[in-house]
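Me: I'd like a close look at one part of this complex. Could you pick a single residue, walk me through its surroundings, and then fill in the rest of the picture?

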Amino acid sequence: MSPRSFSPLQRGLHWLMAAAILTMLFIGIGMVSTVSHAHLTLLAVHRPLGLAILLLAIVRLVIRLTRGTPPLPSDLPPLMRLGALGSHVLLYALMIALPLIGWAMMSAAGDPILIAGMHIPPLLSPNAALHGILREAHTWLALALLALILMHFAAALFHAWIRRDGVFEAMAGGEGAAPVVKLSQQ
Amino acid sequence: MAKPLLGIAVLVALVAAAFAYTAGLFSSTRLTPDRFLAQLQPAEGPSPGHRRNHLKGICFVGDFEASGAGTALSRAAVFKPGHYPVVGRFNLADTHLHASDAMAGVRGMSIQITAPDGEQWRSAMIDAPMFPVATPQAFHELLGLGRSKDPQALPHFAAAHPEFAAFGALSARLQHTASYAQDQYNSIDSFIFTDGTGEHHAVRWAVLPAVPPEPKTQEQLNQLGPDFLFADLRTRQAAAPLRFTVQVVVASPGDPTAEPSKAWPADRQHVDVGVITVQQIQDEANARCRDVNYDPTVLPDGMQVSDDPFLAARSAVYARSYELRTAEDADYPRTAPTSP
């Protein structure tokens, strides 16, 4: 049975990760676009933050699969329903894949991986050609994640301001957090 | 409905624009790794699969035997008495794959020393005693002078950067040897060591040859042809393993760490921390050094970067070069291993 709304833990994780991932994308593009000392400072944040996002994403996925999500409004057009499902599958896939690719590409380069004073074992053996592929993938998939987040953001505001169907409030909290009831009243 | 839609479009566009700004898309002046690589690119374009600078090189594997003297300066595991594997590379500081050994103004040696716990000390050094300019911005400008048609460009640059004139005067007096085994290679940039008590020491380091240097005139080098350095290394290594001493130079208070164009006085404390013994010289196409990015900021616990702005710049530019050349890996075929 689906819950009526997201739990406070689900909401908390969502907004924490929203901030972390958006910060991460800006750090990532910033650190490869400068030769100043910021390159090293941002890199030092990028790696532990990536590991934190990977762990949080796994926790979130487990909670989502066990607790479920509130249902979408029954009058949502099939195409939008498909878009909602597809974009959430892709969001979870990229939240987990990007840190793993980052870890794998450092391993393929033979780089020692030291995060917050911890030695992290390599995911695979050194392989330069594979590093080339993973490094390119890391950039393009990060840009894809940014595009997805912008779509997610636009869709959330579309629900909040245009459809006013309670989908936004299910995650944002506050008034109208029980979408099914509200729809039946209209 | 039009107003909320417009609001959504504006908010999405704002985030996208902030991202593009962070990527430097709105700046024509920000120094990016790609702008550095554009300056390094020769007229005929890059050599796919190869480094974007210091292209012509040869690999070696060897052993670093730490004397233990380094432990007074740094708690790094590679300074504890013992043997640690080395993956190294000798190279010409030139952007052409087929640069002439006789003509290259600067030579380099890079090393990667690995501790038992997997920590690495990577260093890319050159045989010049200091760097020609004080900042990455000035270096970027200097690299562009080769393409300038203005005959006054170089004099103007030298006037604006007195350290460059000093470097020119010094390098005019320096004579090259005819062997990688006779050169001294310097870290140029400064680093901060942390010893076992937590105390910091500003340092530079050098790798000193065991073979006494025999300076040659430019005419003597020209007579050797464009490709004598690799053969010389192989001949010497076949006769007896090549050896180099790793020496750390400790700054005195006030010595400049942020300016690699400024040499430190010669009377500073010098500590011999160990000896590198070359075990095998290897063609780059098959060898380990090919796939190492000698990023000078890859350092073990007990060593860290100083306020020298070149370290971040080198790290950022080397990473981009490594990304490009590993993506082009198939363009530089790996041949069957050959015996040395």
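**A loop residue and its company**

Reply: Let's start with Arg75(B). Setting aside neighbours within four places in sequence, this residue is in contact with Thr194(B), Asp195(B), Gly196(B), Asp301(B) and Gly302(B). Keep in mind that we're looking at a predicted model.

Where does Arg75(B) lie? It's in the loop of chain B that runs between β1 (57-66) and β2 (82-92). One of its contact partners, Gly196(B), is 121 residues away along the chain, yet the two C-alpha atoms are separated by 5.0 Å. Is Arg75(B) buried or exposed? Neither, quite: it counts as partly exposed because it has 18 C-beta neighbours inside 10 Å, and a residue needs 20 or more to be called buried.

Now zoom out to where the two chains meet. Here 31 residues of chain A are in contact with 39 residues of chain B. On the chain A side, the elements that supply two or more residues each are α1 (8-31), α2 (38-67) and α4 (128-163). Of these, α4(A) gives the largest share, with 14 residues. If you sort that side of chain A by class, you get 18 nonpolar, 10 polar and 3 charged residues.

As for chain A itself, it has 6 helices and 2 strands, and reading along the sequence gives α-α-α-β-β-α-α-α. Its C-alpha trace spans about 60 × 30 × 30 Å along the principal axes. Of its 186 residues, 24% count as buried. Take the contacts in chain A between residues at least 6 apart in sequence: 66% of them join residues at least 24 apart.

Back to α2(A), which also packs against another helix of its own chain, α3 (residues 78-108). The angle between them is about 145 degrees and their axes are 9 Å apart, with a left-handed crossing. On the α2(A) side, the residues involved are Gly50(A), Leu51(A), Ile53(A), Leu54(A), Ala57(A), Ile58(A) and Leu61(A). They meet Tyr92(A), Met95(A), Ile96(A), Pro99(A), Leu100(A) and Gly102(A) from α3(A). By class, this helix-helix contact has 11 nonpolar residues, 2 polar ones and no charged ones.

So α2(A) turns up twice in this tour: it gives residues to the side of chain A that touches chain B, and it packs with α3(A) inside its own chain.

Terms used: Residues are numbered from 1 along each chain as its sequence is written. Chains are lettered from A and ligands numbered from 1 in the order in which they are written. This is a predicted model: local features need pLDDT of at least 70, side-chain atom pairs count only at pLDDT 80 or more; totals for chains, interfaces and linings use all residues. Two residues are in contact if their C-beta atoms, placed from the backbone, lie within 7 Å. Helices (H or I, at least four residues) and strands (E, at least two) are DSSP runs, numbered from the N terminus. Ala, Val, Leu, Ile, Met, Phe, Trp, Tyr, Cys and Pro count as nonpolar, Asp, Glu, Lys and Arg as charged, and the others, Gly among them, as polar. A residue is buried if 20 or more other C-beta atoms lie within 10 Å of its own, exposed if 12 or fewer, and partly exposed in between; C-beta atoms are placed from the backbone. Axes are lines fitted to C-alpha atoms, for helices over the stretch in contact, and angles run from 0 to 180 degrees between N-to-C directions. A crossing is left-handed if the near helix is turned anticlockwise from the far one by less than a right angle, and right-handed if clockwise.
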